Amino acid sequence: FNWFCLSDSPSSVNNLQQFQKLFMQKRIEQLTAVKNILKLDETKRKVLLDQIMSKLFQVLSTGRVDLENLGFVPGLTNFNFNPGSSPEHEKVSLVLENTCLAAD
């Protein structure tokens, strides 16, 4: 998460740690889902993966446009990691989570 700009204040560090904890919990859920998908027979797996990939790219495209419209620039825009603290918080979370899932 080094590409985010944040202050060195203790609250910013605590918020970053909370963000990372929630992000890792989400990743564990996603990796469990991936393992379960791999257990499906090939036909069902292909159909499900096609649906998932379609939705992933829709979420990523929308998230990118929404972040650009909010003026968010990775590495330049100060980002408050406190959940629900800013409009871009949810969008950044969705983009990060779905990018990782797409890579899986």
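## Cys 100 and its surroundings

In this predicted model, Cys 100 is in contact (heavy atoms within 4.5 Å) with Phe 23 and Arg 27, when its neighbours within four places in sequence are left aside. The C-alpha atoms of Cys 100 and Arg 27 are 7.9 Å apart, although 73 residues separate the two in sequence. Cys 100 belongs to helix 3; helices (H or I, at least four residues) and strands (E, at least two) are DSSP runs, numbered from the N terminus.

Is Cys 100 exposed, partly exposed or buried? Its relative accessible area is 26%, so Cys 100 counts as partly exposed. The classes are buried (under 20% relative accessible area), exposed (over 50%) and partly exposed (in between), computed with a 1.4 Å probe on protein chains only.

## Basis and confidence of the model

Residues are numbered from 1 along each chain as its sequence is written, and side-chain values use heavy atoms, with hydrogens and water left out. As this is a predicted model, local features need pLDDT of at least 70 and side-chain atom pairs count only at pLDDT 80 or more, whereas totals for chains, interfaces and linings use all residues.

The average pLDDT (the predictor's confidence in each residue, from 0 to 100) is 83 for the chain, and 81% of the residues score at least 70. Among the elements, helix 2 has the highest mean pLDDT, 93, and helix 3 the lowest, 86. Where pLDDT is low, the predicted coordinates should not be read in detail.

## Overall architecture

The chain contains three helices and zero strands, giving the order α-α-α from the N terminus on. Of its 104 residues, 25% are buried. Among contacts between residues at least 6 apart in sequence, 67% join residues at least 24 apart.

## The nonpolar core

The largest nonpolar core has six residues: Phe 19, Phe 23, Leu 67, Phe 72, Val 92 and Leu 96. Such a core is a set of buried Ala, Val, Leu, Ile, Met, Phe, Trp, Tyr and Cys residues joined through side-chain atoms within 4.5 Å. Helix 1 (10-38) and helix 3 (87-103) each supply at least two residues of the largest core. In soluble globular proteins, nonpolar side chains tend to be buried together.

Leu 67 is a member of this core and one of the buried residues of helix 2. Apart from neighbours within four places in sequence, the contacts of Leu 67 are Phe 72, Glu 88, Lys 91, Val 92 and Val 95.

## Helix 2 and helix 3

Helix 2 covers residues 42-69. Its 28 residues should span 40 Å at 1.5 Å a residue, and its end C-alpha atoms are indeed 40 Å apart; the expected span is 1.5 Å times one less than the number of residues. At the N-terminal end, helix 2 is capped by Asp 41, with a side-chain oxygen 3.1 Å from the backbone nitrogen of Thr 43. After helix 2 comes Gly 71, which has a positive phi near 80°. The buried residues of helix 2 are Leu 56, Leu 60, Gly 63 and Leu 67, and helix 3 is included in what covers them.

Helix 3 has 17 residues and reaches 26 Å between its first and last C-alpha atoms, close to the expected 24 Å. Its buried residues include charged and polar side chains as well as nonpolar ones: Glu 88, His 89, Val 92, Ser 93, Leu 96, Glu 97 and Asn 98.

## Salt bridges

Four salt bridges are found in the whole structure, each being a side-chain nitrogen of Lys or Arg within 4 Å of a carboxyl oxygen of Asp or Glu. One of them joins Asp 50 to Lys 46, with the closest N and O atoms 3.1 Å apart. Both residues lie in helix 2, four residues apart, about one turn of the helix. Asp 50 is partly exposed at 46% relative accessibility, while Lys 46 is exposed at 53%. Another pairs Glu 68 with Arg 64 at 3.1 Å, N to O, and these two are likewise four residues apart in helix 2. Glu 68 is partly exposed at 45%, and Arg 64 is exposed at 58%.

Which residue forms a salt bridge with Asp 66? The partner is Lys 91, with the closest N and O atoms 2.8 Å apart. This pair links distant parts of the chain, Asp 66 in helix 2 and Lys 91 in helix 3, 25 residues apart. Asp 66 is partly exposed at 23% relative accessible area, as is Lys 91 at 24%.

Conventions:
Polar contact = N/O pair within 3.5 Å; in protein donor to acceptor, adjacent residues only side chain to side chain.
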